[in-house]
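Work through the two exercises below with the sequence and the model in view. Each task is followed by a solution in steps.

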Amino acid sequence: MKKITIDELKERMNQSGASGTPFLFIVDFELSGGFFLENPTRQQEVLFQCTKEGNASSDSSCSHRTEEIGLIINPISFEAYKQKFDVVMEGLQQGNSFLANLTIQTPIEVSLTLPEIFFRSKSPYRLYVPGQFVCFSPERFVKIANGRISTNPMKGTISAEVENAEETILADTKETAEHYTIVDLLRNDLGMVASDICVERFRYIDRIRTSRQDILQVSSEVTGNLASDYPAHLGDIIFRMLPAGSISGAPKRSTTDILRHAESKPRGFYTGIFGYFDGQELDSAVLIRYIEEVEGQKYFRSGGGITINSDPNKEYEEVLEKIYLPFV
């Protein structure tokens, strides 16, 4: 599968949207390029699922292995994380950002192959690109259907094992401010491509079951109305809103500059997006909960939002909490 430029990808999305031709698209975080597959359900090289749509059955033989699956993580030290955190905090203190989503790369050991992880995963959005990565994302980027566009930003994570976990996360001042910022950013993003923007649901709880523990995540739902000719502009609509606000920050341009300095290397497809158009509706996800394989070594990518009130110890714990396999 050949990576193509953003301009090529956008044009092919527009053309396929206008003709009602199904397609799968994948975009990297840096917007340097991506992949496009026409009629993707007819091939079995790239495996995907967008909620109920996809090309891979969950009853593959890969999902029937019964031995205990161990997950060993070898995280960077707190001191190494704190160096990255301090770069972000300096940008916040200078007023160049209000919220920045700092990410890390963690070496892991697991007995499963990437396709086996794909087939065993219980997640609404799954993607496997051979020789590169597997993703089992719980977070929608946008859905476009019947002239409407909607998004469900996730901000705020807590272990379900914490006493009164739901009440605790909803009452947390830092997490609340972070969620308000992201919802406001997504309202503005949707406002660039749609009208009548509305927050339909605000700060509801999603429970995610994992191989290590259950976690709770706080989400909201923002919607808007698209122009009548939107199918011929699917690529324009999607790329107008990138990078995704929930995994970059606010304001986007200066925040991504800070993150580039703090993280010191490109993210690649991690925190990019992927999506599927079935000929009528488009659904897409943020590429988080992401395992990549480089020269035989697997790495789990995770991150969390940093604000001026963030505690580095708590933020370090959160990025490690998000390292899991989405099956029990």
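A cavity is a set of grid points where a 1.4 Å probe fits but cannot get out, and its lining residues have an atom within 4 Å of a point. The model used here is predicted.

**Exercise 1.** Find how many cavities of 30 Å³ or more there are, and describe the lining of the largest cavity and of the second largest cavity.

Solution.
- Step 1. Count: there are three cavities of 30 Å³ or more.
- Step 2. Take the largest cavity, with a volume of about 160 Å³. Its lining has 19 residues, and those nearest its centre are N101, K155, R289, G303 and K322. Two or more lining residues come from each of β11 (154–159) and β18 (297–306).
- Step 3. Sort this lining by class: nine residues are polar, six charged and four nonpolar.
- Step 4. Turn to the second largest cavity, of about 40 Å³. Among the residues lining it are E139, R140, F141 and V286. Five of its lining residues are nonpolar, three polar and two charged.

**Exercise 2.** Describe how helix α2 and helix α8 are placed relative to each other.

Solution.
- Step 1. Locate the helices: α2 covers residues 78–93 and α8 covers residues 312–321.
- Step 2. Compare the axes, which come within 10 Å and cross at roughly 110°. Angles of 65 to 115 degrees count as roughly perpendicular, and α2 and α8 are therefore roughly perpendicular to each other.
- Step 3. Give the handedness: the crossing of α2 past α8 is right-handed.
- Step 4. List the contact: α2 contributes F78, Y81, K82 and F85, while α8 contributes P312, N313, E315, Y316 and V319. By class, six of these residues are nonpolar, two charged and one polar.

Key:
Residues numbered from 1 in each chain as written. Predicted model: local features only at pLDDT ≥ 70, side-chain atom pairs only at ≥ 80, totals over all residues. Heavy atoms only, no water. Axes fitted to C-alpha atoms, helices over the stretch in contact; angles between N-to-C directions. Helix = DSSP H or I, 4+ residues; strand = E, 2+ residues; numbered from the N terminus. Parallel < 35°, antiparallel > 145°, perpendicular 65-115°, else oblique. Left-handed = near helix turned anticlockwise from the far one by under 90°. Contact = heavy atoms within 4.5 Å. Nonpolar A, V, L, I, M, F, W, Y, C, P; charged D, E, K, R; others polar. 1 Å grid on protein atoms, 1.4 Å probe; cavity = no way out; pocket = protein on both sides within 12 Å on 5 of 7 lines; lining within 4 Å. Points joined across faces, edges and corners; volume = space filled by probe spheres on them.
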